[in-house]
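Look through the sequence and the model below. The paragraphs after it start with one term, then go through the protein from single residues to the whole chain.

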Amino acid sequence: MGNMSLEFLDVRLIFVLSMFWVGGVFGKGMKAEGRSLHHRAKNSAVFDVMSFGARADGRTDDSNAFMAAWKEACQSTGRAHITIPKGTYIIGPLKFSGPCLNVSSLTIRVKGYLKATTDLRKYGFGGSWLEFGWMEGLTLTGGGTFDGRGARAWPHNKCPTDSNCKLLPTSLKFVAMNKTVIRGLTSVNSKFFHIALVECHNFKGSRLKISAPETSPNTDGIHIERSSSVYFSLSHIATGDDCISVGQGNSQITITSITCGPGHGISVGSLGKYPDERDVSGLVVKDCTMTGTTNGIRIKTWANSPGNSAATNMTFENIVMNNVTNPIIIDQLYCPFTSCTSKAPSRVKLSDIYFKNIRGTSSSEVAVALECSKGIPCQNIYLEDVHLDLSSGEKQATSSCSNVKAKFSGTQIPPPCT
């Protein structure tokens, strides 16, 4: 019996070892998975940055851990999840690039406080702190905070006065993304733009909190360019520049339930600065509130545009203005610098633009300014139910118009210009 038991044990041991060997316990694959996976369910894997060596102590550079987690998640199959637990992480600049060929969706759940490096030498010209690019099905959520630590960089920003300035890095940039969701995040003190979309499609952002001091330069909350089917909602934005700026080449953009202020309002443009710009169409901005902003709804195009382009089929509806300078403004002589060399008219055609139910108070005497291009006058500009009183409560606000064919209906305070 004793010899038979030993033989049985030997056979069983060999069987178990062979199964372990086939399963890869001694192979490289299982070793990497044991280190990286928080857990694996059917067609779903979770990658925790702490398992890749992140310290989350607010002192150590955790960039390598974040990139390692991304690499394994992107190379996985099915649904992938990256978790960033509570803690303070110093990271960047980083590029999270696809395509993630076998991943059906990738969710990054940020619960921690992410801080950007302040060394500008590490960023390229016009670069970004964190860039996500060339993938489909990304969700970025979790309630965490992205701190661009822009205070040290803002003194180096010469763009408000120099047309040939060096661009500082954007905090979160999304490039060539499809089916993206960002939700429940906070962005503070970006060096340049907080969030930028370039050539993105089917993008949804909601419940965002974006803030930077009123005096911080070019800290646009959200900038959208060459993108389509984009939807932002239910967010609070307070910055030193545009709360949201809609640049060239966009179509089917919806912005709703945004609280904006301080800042420069919600802007289309600036358009017409560069050659070969694409048209803008299908913009809807509705149910928004502006408080103490230097503009409300603004459309701005450069004079002396190097090429022809158009912005058409845009609707601004149900907007509340609280002590806003320039609540409604079309400016086709836009120039942010102290002097502009050319007075040639803008070549951006504006048409089929609707302002509906715009109400509240203006801090500027001119509450409605429609200053269009004398080269290509604005066509089919509609104002319906506009009621803007002066914040001071004194005399009535006024309107100013040039080179525009506008149509007015319903309440018109201030009185429409001719």
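A residue is called buried when its relative accessible area is under 20%, exposed when that area is over 50%, and partly exposed when the value falls in between. The model discussed here is predicted.

Take Arg-109 as a case. Its relative accessibility is 37%, so Arg-109 counts as partly exposed. In the chain, Arg-109 belongs to strand β7, which covers residues 103-110. On the surface, Arg-109 is part of a patch of positive charge, together with Lys-86, Lys-111 and Arg-183.

Two asparagines can be read in the same manner. Which sign does phi have at Asn-202? The angle is positive, about 55°, although Asn-202 is not a glycine. This residue lies in strand β16, made up of residues 201-206. Asn-202 has a relative accessibility of 38% and therefore counts as partly exposed.

Asn-318 also has a positive phi, about 60°, and it is not a glycine either. Asn-318 sits in strand β25, which runs over residues 309-324. With a relative accessibility of 25%, Asn-318 lies between the two cut-offs, so it counts as partly exposed.

Next come two peptide bonds that precede prolines. The bond from Gly-92 to Pro-93 is cis, and its omega is near -5°. Pro-93 is located in the loop that links β5 (88-91) with β6 (94-97). Farther along, Gly-261 and Pro-262 are joined by a cis peptide bond with an omega of about 0°. Pro-262 is in a loop as well, between β21 (251-260) and β22 (266-271).

The strands named so far belong to a longer list. How many helices and strands does the protein have? Its secondary structure comes to three helices and 31 strands.

The remaining values describe the protein as a whole. Of its 418 residues, 48% are buried, which means that their relative accessible area is under 20%. The accessible surface comes to about 19,200 Å², and carbon and sulfur atoms account for 52% of that surface.

Contacts can be sorted by how far apart the two residues are in sequence. Among contacts between residues at least 6 apart, 77% join residues that are at least 24 apart. To follow this in the model, pick a strand such as β25 (residues 309-324) and look for the residues that touch it.

Methods
Residues numbered from 1 in each chain as written. Predicted model: local features only at pLDDT ≥ 70, side-chain atom pairs only at ≥ 80, totals over all residues. Heavy atoms only, no water. Patch = residues over 30% accessible without salt bridge, like charges linked within 9 Å, V, L, I, M, F, W, Y side chains within 5 Å. Areas by Shrake-Rupley, 256 points an atom, 1.4 Å probe, with all protein chains shown as cover. Salt bridge = Lys/Arg side-chain N within 4 Å of Asp/Glu carboxyl O. Lys, Arg positive; Asp, Glu negative; His and termini not counted. Charge placed at Lys NZ, Arg CZ, Asp CG, Glu CD. Helix = DSSP H or I, 4+ residues; strand = E, 2+ residues; numbered from the N terminus. Buried < 20%, exposed > 50% of the residue type's maximum accessible area, 1.4 Å probe, protein only. Contact = heavy atoms within 4.5 Å.
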